[in-house]
Amino acid sequence: MRSPFVKGLYHGIPIALGYLSVSFGFGIMAVRAGLSVLEAVLISVTNLTSAGQAAGVGIIAASGPYIEMALTQLLINLRYALMGISLSQKLDDKFHTPQRLITAFGITDEIFAVSSAQEGKVTPAYMYGMIFISFCGWSLGTLLGAAAGSILPGALTDAMGIVLYGMFLAIIIPPARQHKSVLLVVCLAAAFSVAFYYVFTAVSSGFAIIFSAIGASLIGAWLFPVADEAGKEAA
Amino acid sequence: MTLDMKVLSYIAVMAGVTYLIRMLPFTLFRREITSPFFKSFLYYVPYAVLAAMTIPAIFYSTGSVMTAAVGALVAFVLAWFNQPLIVVALSASAAALLAGFIF
């Protein structure tokens with residue numbers, strides 16, 4: 001069988017392709033906001049996050065205070081803290097402090113979701129493979145978008161916008177089809193998210209995701225407790 | 001290729017805060033969680049996060065609700081039949097692109 005690193009690379013391909021299209025848009029946006037190509041790429045290689053970067057560019061463009069920048073990043077990216085705790089339960093024995101320090105940089109929604117969906121524990125090499133290819137997609141997309149955003153036909157860049165969401169559906173639908181508990185949690189989270197999007201519009205998108213996910217997961221844990229890792233099938 | 005010092009400080013704040021949020025809980029949390037409730041909660045979080053991120057945002061992801069709905073439908077059907085992530089993701093995009101030529 002393939003080495004864990006190559007397996008990670010392979011599992012990261014859809015993430016990298018999705019990132020390529022999303023960060024392409026970020027690159028265009030950053031340059032429009034007055035940043036140079038180098039600055040746009042520097043943001044992507046040091047942050048590796050979509051919503052936080054988009055908000056950050058807005059604050060830079062408006063010359064907002066540093067504290068606003070720090071608080072905005074804290075709030076939008078707070079979900080990574082939750083994901084980090086969740087992922088910490090799936091780590092193989094090869095994970096010591098250095099491996100954790102490196103892997104922490106690559107905790108994104110997509111990398112977390114794909115690695116969480118793996119059977120059993122994950123190894124550092126597997127995580128590095130997935131993070132590496134995703135990082136390349138994210139950085140390259142930003143560079144291309146910032147440097148040449150206006151060259152590609154609009155129809156193509158528009159259609160690329162759905163790639164990541166298609167991948168999300170591919171992650172959540174099979175388990176939701178199999179387990180009533182996951183189906184309930186997924187439907188609740190989607191319903192809460194729709195409510196925030198159309199009704200409680202004062203809540204920013206980062207908070208809406210946090211509230212929806214926490215609410216749906218709490219209800220799921222309350223109604224359908226999962227016995228242990230092996231008990232997932234029984235849920 | 002310019003690099004403004006003020007922009008550089010902003011980027012340092014962004015990157016620093018974002019890394020700390022990711023690193024601190026992930027590195028410091030070493031215990032095995034035993035609470036069945038908390039374990040169950042953590043088991044559901046990734047699915048809930050993705051569902052909340054996808055609905056309704058997927059319908060606004062291509063600039064046209066019609067093409068996005070076609071892409072979403074194709075993704076839903078392929079995911080229902082357990083197709084690999086990359087197949088579902090790219091087929092959704094291809095369907096949205098083709099739908100764009102019709103609508």
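## A tour of chains A and B

Begin by selecting chain B, which in this predicted model is divided into domain 1, covering residues 1-30, and domain 2, covering residues 35-102. If you place a marker at the centre of each of these two domains of chain B, taken over C-alpha atoms, the markers will be 30 Å apart.

Next, keep chain B selected and add chain A, so as to display the residues where the two chains meet. The contact involves 71 residues of chain B and 99 residues of chain A, and the two chains bury about 7800 Å² between them, with 76% of that area on carbon and sulfur atoms. On the chain B side, pick out B:R22, B:F26 and B:Y44, which are the residues that lose the most area to chain A and which together make up 12% of what that side buries.

While this interface is still on screen, turn to its polar atoms. Between chain B and chain A there are 23 residue pairs in polar contact, counted where both residues have pLDDT of 80 or more, whereas the count of salt bridges between the two chains is zero.

Now hide chain B and look at chain A by itself, colouring domain 1 (4-160) and domain 2 (179-235) separately. The centres of these two domains of chain A, again taken over C-alpha atoms, are separated by 23 Å.

Then select the residues where the two domains of chain A touch: six residues of domain 1 are in contact with five residues of domain 2. Domain 1 and domain 2 of chain A bury about 480 Å² between them, of which 69% lies on carbon and sulfur atoms. By class, the side of domain 1 of chain A that touches domain 2 of chain A consists of three nonpolar and three charged residues, with no polar ones. Across this interface between the domains of chain A, the rule finds zero salt bridges, and the number of residue pairs in polar contact, with both at pLDDT 80 or more, is also zero.

For the last stop, select two cysteines of chain A. Is A:C136 buried or exposed? A:C136 falls in between and is partly exposed, because its relative accessible area is 32%. A:C187 is likewise partly exposed, with a relative accessible area of 45%. Finally, how many disulfides does the rule count over all chains? The count comes to zero.

Terms used: Residues are numbered from 1 along each chain as its sequence is written. Chains are lettered from A and ligands numbered from 1 in the order in which they are written. This is a predicted model: local features need pLDDT of at least 70, side-chain atom pairs count only at pLDDT 80 or more; totals for chains, interfaces and linings use all residues. Side-chain values use heavy atoms; hydrogens and water are left out. Domain bounds come from an automatic or database domain assignment. Contact means heavy atoms within 4.5 Å. Buried area is the accessible area (1.4 Å probe) that two parts lose on being put together, summed over both. A salt bridge is a side-chain nitrogen of Lys or Arg within 4 Å of a carboxyl oxygen of Asp or Glu. A polar contact is a pair of N or O atoms within 3.5 Å; within protein, one must be able to donate a hydrogen and the other to accept it, and residues adjacent in sequence count only if both atoms are side-chain atoms. Ala, Val, Leu, Ile, Met, Phe, Trp, Tyr, Cys and Pro count as nonpolar, Asp, Glu, Lys and Arg as charged, and the others, Gly among them, as polar. A disulfide is a pair of cysteine sulfur atoms within 2.5 Å. Buried means under 20% relative accessible area, exposed over 50%, partly exposed in between (1.4 Å probe, protein chains only).
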